[in-house]
Amino acid sequence: MDGFLEYVPGNSFLHRLNPVTKIAFAIMFAIACFCTGNLVFLCLMLALGLALAASCSMMRQTLGLMRAVLAFSLVLAVLLLLTTPKGDLLVELPWGYIGSDSILAAVVTVIRLEAAAIPLFLTFYVTKMTDLSNSFVKVLHVPYRYAFTFASTVHFIPVFMNDMRGIMEAQTARGVEFDQGGMVRKIRLMVPLCVPLLISSVRKTNSSAIAAEVRGFNLRTRESGYKRYPMTGADWAVIALGVVVLAAAIALSLL
Amino acid sequence: MIEIEDLTFQYRESDAPVIEDMSLSIPSGAFAGIIGAAGSGKSTLTYALNGIVPHCYPGDFYGSVRIDGNDTCDTTLTDLSQMVGSVCQDIDSQFVSAVVEDEMLYGLENYGVPHDQIEGRVQEALEAMGIADLRQRLIASLSGGQKQKVAIASILAMRPSVLVLDEPTAELDPASSRNVFALLSHYAEAHGTTVVVVEQKIALLSEFTDLLVVVEAGRIRFAGAPEEVLAHSEELLEIGVNCPRCTTLMNRLAAGGLYAGPVCTDVPSACRALCEVAA
Amino acid sequence: MIEFLDVHASYDGTTPILKGIDLTIEDGEFVAFVGTNGAGKSTAMRLVNGLLKPDRGAVLIDGVPTTQLKTSELARRVGFLFQNPDRQICSSTVRDELLFGFQAVGRLDDEARRRVDQIIEEFRFDGDADPFLLNRGTRQLLALASIVVLAPPVVVLDEPTTGLDFCECVKVMGIISQLHRAGTTVIMVCHDMEVVADFAERVVVMTDGRVVDQGPTFDVLRNRKTLDEADLVPPQMVDVSLLLPVMEPRFAGTSVATANTLAEMQAAIEDVAAGGAAAMAASEKDALDDVPFQGSERKER
């Protein structure tokens, strides 16, 4: 029973890294993916991402994520294919043509999005939200208020998804057929369900704000955190790797 | 010591007060239960104790609520919450962490408990709720009863002098409900904590509380030891509070002149009384 | 008729929740499922209306496996009331909410509207009220009404009285037992043993994904051993009836030892007390009779 973006306990190398390192690396990794269109480099990045996922036995979650990103990036790829007439003419279109370079651009888009997404999402699977926000407060001196707001937003995603599942189940029991027909039909059926979801979310966020307040939310400072988040040699090594990857991508794009 | 004096509260958006002229004092160390029909003002009463009313909800507040002498209107919510620990009705929205241990730390960190005391407090609270083995578990992977215990333990770690719980066993089966009450009552006795619990399960209240408060339409209808309050089983039924069956049985026998002893609140006491009836 | 044939089920295909359930529920029965949280009761309910399909074995509704029935077909046969009414209610007025079920299965006609008006009357709802502004108990009633309005031959209720106060509970159970009397099959998960004792005809006890006992309500509820194993406590009157004859031999063999309800127990105790009083009166009478007999000594003239 693991949900979307929910922490999966473990003790792998990635689990033990400083949360700040993980986020920093994931961001550099993603920027690197967007810096270059070199297909070989992007494939290497994708392989590195998958290796990271394998190192903390998160392949199943990662493959699930990749499927979702694939659906999204395919739409983009098709759009690119139809709207950027480049390279050798392959298929004639009323408004232009599909060229060999269009195909290349489409493939690059898919691989780029897949590669960029993996470390970002992986970070959430191997890092507790509380550690992430606390380390941001401790290491990066981010005001606690913002860190907490971000953390609780992410914390609520699985709660809301669970609610949505429950609501859809209740409607299925009344004969609403979510499992039949196309995407449009499904979305049309789901729209009325946003009302109960919205109402329960407003209630939940309200009572969670009060619950945090009566547990001394307002008193919290940078010194409050019990856990320390020291940057170790491994952390600096990973950040260095991130810098190297980013530099390589920039170098490739300039060449 | 909790003193409520002539309390009246009306939410801004409603057209009638939810609590009207309520006066009640709960002695230190008492285990108090609040029961009443839906909409009778039970939850608002708990808000008045932990200061959520008037601090978080706009409305008209008359009278006063004092916790160990501190007027809730003149004390900030942050200061109040160090005296009064609250376990919400919807515990899923109370949780701020993914893992039990982090949930336990949250309040302690915020209130600046010295770091060398934190470990001891966390361990003590977990043991009090019998969940020391769950410390590293994901909250999402726990059962309803375990989650409830985590929610309570995370508040107990802050060592409040008053603990307020709103329907802590609503989602639990009878065995876990009873277990939660037993653990709470044991902890409260050992630490002298005052407990105020809103609950619909009358059998649990009559077994564990020493002060039972029946609320009807924003007013206190009965307040006293369970044996005193439950003597009025027929009147209680009229206002939507059903006594335990064995209490009703003994009260009916008493009305028929067959039994003259004290009110029975649970099965063992009823059985003992019935043996006397037979003798 | 609903049949569970060696049903194994899980949510993720790996962690088994139900481990081989065999069960038959006849038309028109009122069956209560009891057991602790996590015993698999709610999972069993989800299987009844096909929200979950078995990993192994089959659930048959009138002889047809749930795997072969379409969602709308299942919804027509089995109405399902969830524990949390807020997950079900999604319309902006009470009337629309009641019409929604007809809309979902594509039967939104004048007949449906007449039926909705009739239910609004029966439940004494305000048809134009906003469901989200109603209190918890009324929302639960509305959720129940939106099932009743479709008149399914089977209703499944997952803890219908949780979170309700006594009056609301009486109201909800009143409607459910009315449905049952009208011939609807009622299948209910319930933690409140008093409610189970008052309404169910048959009880199924579950522990750890298995059925450990089933049978007529009081046969099951008086079986202290299985209830203990399932971590359940019998309703208070049954508890008293089981305990008293052990504590006080005078109650053994009397109607106290078989009383199940409050009224039965009261009558039984009154009987014993009166029997005791009668016996006492009788022995006192005997004693009175004895006195002259013993005391009469022939006196010398």
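Which strands of chain B does helix 7 (residues 144-156) of chain B lie across? In this predicted model, that helix lies across strand 6 and strand 7 (162-166) of chain B, and its direction is at about 165° to that of strand 6 of chain B. The points below describe the sheet to which these two strands belong, and then turn to the contact between chain C and chain B.

**The sheet of chain B**

- Six strands of chain B make up an open sheet with mixed pairing, and their order across the sheet is 6-7-8-3-9-10.
- At the edges of this sheet stand strand 6 (84-87) and strand 10 (219-224) of chain B, each of which pairs on one side only.
- Ignoring direction, neighbouring strands of the sheet are turned against each other by 15° on average.
- Strands of a sheet pair through backbone hydrogen bonds, and the pairing may be either parallel or antiparallel.
- Strand 3 (residues 31-36) and strand 8 (residues 194-198) of chain B run parallel and are joined by four bridges, and Phe31(B) has Val195(B) in strand 8 of chain B as its bridge partner.

**Where chain C touches chain B**

- On the side of chain C, 35 residues are in contact with chain B, where 32 residues take part.
- Helix 5 (136-148), helix 6 (166-181), helix 10 (236-247) and helix 11 (262-295) of chain C each contribute at least two residues to the side that touches chain B.
- Helix 11 of chain C provides the largest share of that side, namely eight residues.
- Sorted by class, the side of chain C that touches chain B consists of 15 nonpolar, eleven polar and nine charged residues.

Terms used:
Residues numbered from 1 in each chain as written. Chains lettered and ligands numbered in written order. Predicted model: local features only at pLDDT ≥ 70, side-chain atom pairs only at ≥ 80, totals over all residues. Pairing = 2+ DSSP bridges. Axes fitted to C-alpha atoms, helices over the stretch in contact; angles between N-to-C directions. Contact = placed C-beta atoms within 7 Å. Nonpolar A, V, L, I, M, F, W, Y, C, P; charged D, E, K, R; others polar.
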